[in-house]
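Hi everyone, thanks for making time for this. I'd like to walk you through a structure, going from the whole chain down to a handful of residues. Here it is on the screen.

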Amino acid sequence: MRPPNSSATPTEPPDRPAIPEPVVLATTQETAIWGYFPTDRAPVLTVDSGTVVRIDAVNQAGVSAAEGPVAYFEMLGVPADQVLPELAEVAKNPRPAGSSGHILTGPVHVRGAEPGDVLEIRILDVSPRVPYGVNSTGPGAGVCGDLLDTASTRLLQLDHSGRHYSFGHGIKVPFKPFAGIMGVAPPTSAGFVSANPPDRWGGNLDFRDLVAGTTLYLPVFQPGGMFYTGDTHGAQGHGEVDQTAVEHSMSLTVQFIVRKGASLEWPRAESDEYFWCMGIDADLDVALRIAVEQAVGHLVEATEGALTTADAYALCSIAVDFVVAEAVDGNKVIVAYIAKSLLA
């Protein structure tokens with residue numbers, strides 16, 4: 001994909017109009033599915049490019065519990081009237097073999113998006129729907145599956161300021177909400193695609209810096225793009241090493257923009273400070289190689305060839321950080337942090 005200062009990914013004009021009132025997409029039995037990315041599912045919402053949509057998403061914590069989500073949260077100390085009622089409803093949906101335990105809302109069809117285009121997803125807001133989240137782990141979970149002998153589940157409540165979770169022991173964890181899963185429908189040739197491993201179509205990226213004010217770019221493989229989201233988090237360290245973050249139901253407000261004439265092989269993203277290039281693969285070394293190649297390509301493109309490949313490779317080595325953003329969901333995600341100040 002061309003860099004932000006090119007015609008394919010233009011910068012915002014100084015007189016950008018006010019964000020319009022969002023279209024609201026609720027999570028219901030009809031709009032939610034268990035964790036996979038079908039290519040033939042009818043859209044639950046169809047919008048024009050430029051439309052702002054608020055998706056009242058749910059996190060999957062407790063949905064698959066044998067006792068049901070209400071009893072699950074009650075055992076953790078959450079009153080029944082503070083449990084989202086749709087959790088019990090979506091739990092009734094059939095779960096296809098091979099799907100992950102995530103609850104996805106979608107797909108959203110964006111008119112005009114065609115295979116080969118890029119779908120720009122401007123993340124405008126991520127807000128909590130309840131004042132708590134859950135972190136759970138145990139034997140076999142995360143990158144150190146043999147570290148624990150018993151399951152560990154903890155409820156994390158937002159404090160009165162709404163800025164921190166109380167972890168205990170005097171520790172406050174900053175509230176930094178984002179959607180762990182944002183993805184489009186994969187190519188039909190991919191077959192049945194679980195929502196667990198991230199890939200070229202995005203999905204379970206678990207990239208903690210995709211907060212409000214950032215933008216995600218995804219290649220389009222199906223007409224309309226067919227966007228899904230879920231697995232919303234209130235806080236997470238890079239890597240998500242124990243298998244879960246603060247699993248917390250959120251409302252995600254985004255603006256969809258179809259970029260015609262742009263092309264993209266792997267997901268990319270940006271903030272005011274950074275441009276991010278991603279490499280994704282089951283092999284961490286391969287994921288790193290892809291991220292480096294993507295970063296080198298971006299630097300050459302962003303400077304319209306003023307930087308040679310050798311220049312860009314050297315700059316990546318001395319001025320770009322490569323971070324393990326996701327390490328526990330089959331495919332790993334490496335993100336290159338390219339400071340925009342380098343090219344100012």
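So, the protein chain has four helices and 19 strands. Those are DSSP runs, H or I of at least four residues for helices and E of at least two for strands, numbered from the N terminus. The radius of gyration is 20 Å, close to the 20 Å that the globule rule gives for 344 residues, so the chain is as compact as a globular protein of that length. That radius is taken over C-alpha atoms, and the rule is 2.2 Å times the number of residues to the power 0.38.

A quick word on what you're looking at: this is a predicted model, where local features need pLDDT of at least 70 and side-chain atom pairs count only at pLDDT 80 or more, while totals for chains, interfaces and linings use all residues. Residues are numbered from 1 along each chain as its sequence is written, and side-chain values use heavy atoms, with hydrogens and water left out.

Staying with the whole chain, its C-alpha atoms fill a box of roughly 60 × 45 × 40 Å along the principal axes. How much of the chain is buried? It's 51% of the 344 residues, where buried means under 20% relative accessible area, exposed means over 50%, and partly exposed is in between, with a 1.4 Å probe and protein chains only. The exposed surface comes to about 14500 Å², and carbon and sulfur atoms supply 53% of it; that's the Shrake-Rupley method with a 1.4 Å probe.

Now contacts, meaning heavy atoms within 4.5 Å. Among contacts between residues at least 6 apart in sequence, 75% join residues at least 24 apart. Keep that in mind for the residues coming up.

Let's start with Thr229, in strand S14, which covers residues 227-233. Thr229 counts as buried because its relative accessibility is 0%. A polar atom of its side chain lies 2.7 Å from the backbone oxygen of Ile181. For polar contacts, we want a pair of N or O atoms within 3.5 Å; within protein, one must be able to donate a hydrogen and the other to accept it, and residues adjacent in sequence count only if both atoms are side-chain atoms. Not counting residues up to four places away in sequence, Thr229 also touches a set of others, including Ile55, Ile103, Ala179 and Leu252.

After S14 comes a loop leading to strand S15 (250-259), and that's where Ser249 lies. Ser249 is buried too, at 7% relative accessibility. A polar atom of the Ser249 side chain is 2.9 Å from the backbone nitrogen of Asn59. Leaving aside neighbours within four places, contacts of Ser249 include Ala57, Leu84, Arg129 and Thr232.

On the other side of S14, the loop from strand S13 (215-219) holds Gly224. Gly224 is buried at 2% relative accessibility. Beyond four places in sequence, Gly224 is in contact with Val108, His109, Val110 and Ala113.

Another glycine is Gly133, in strand S7, residues 132-137. Gly133 has a relative accessible area of 1%, so it is buried. Its contacts beyond four places include Arg154, Tyr165 and Val246. By contrast, the C-alpha atoms of Gly133 and Ala344 are separated by 40 Å, with their positions 211 residues apart along the chain.

For a helix example, take Cys316 in helix H4, residues 309-319. Cys316 is buried, with 4% relative accessible area. Past its neighbours within four places, Cys316 is in contact with Ala295, Val296, Leu299 and Phe322.

Last topic: backbone geometry. Most residues other than glycine have a negative phi, and most peptide bonds are trans. Where do we find a cis peptide bond here? From Gly106 to Pro107, with omega near 10 degrees, and Pro107 lies in strand S5, residues 100-110.

As for positive phi, His169 has a value near 60 degrees. His169 is in the loop between strand S9 (164-168) and strand S10 (171-174), and at 76% relative accessibility it counts as exposed. Glu304 has a positive phi as well, about 55 degrees. Glu304 sits in the loop between helix H3 (284-302) and H4, and it is exposed, with a relative accessible area of 71%.

That's my tour, thanks for listening.
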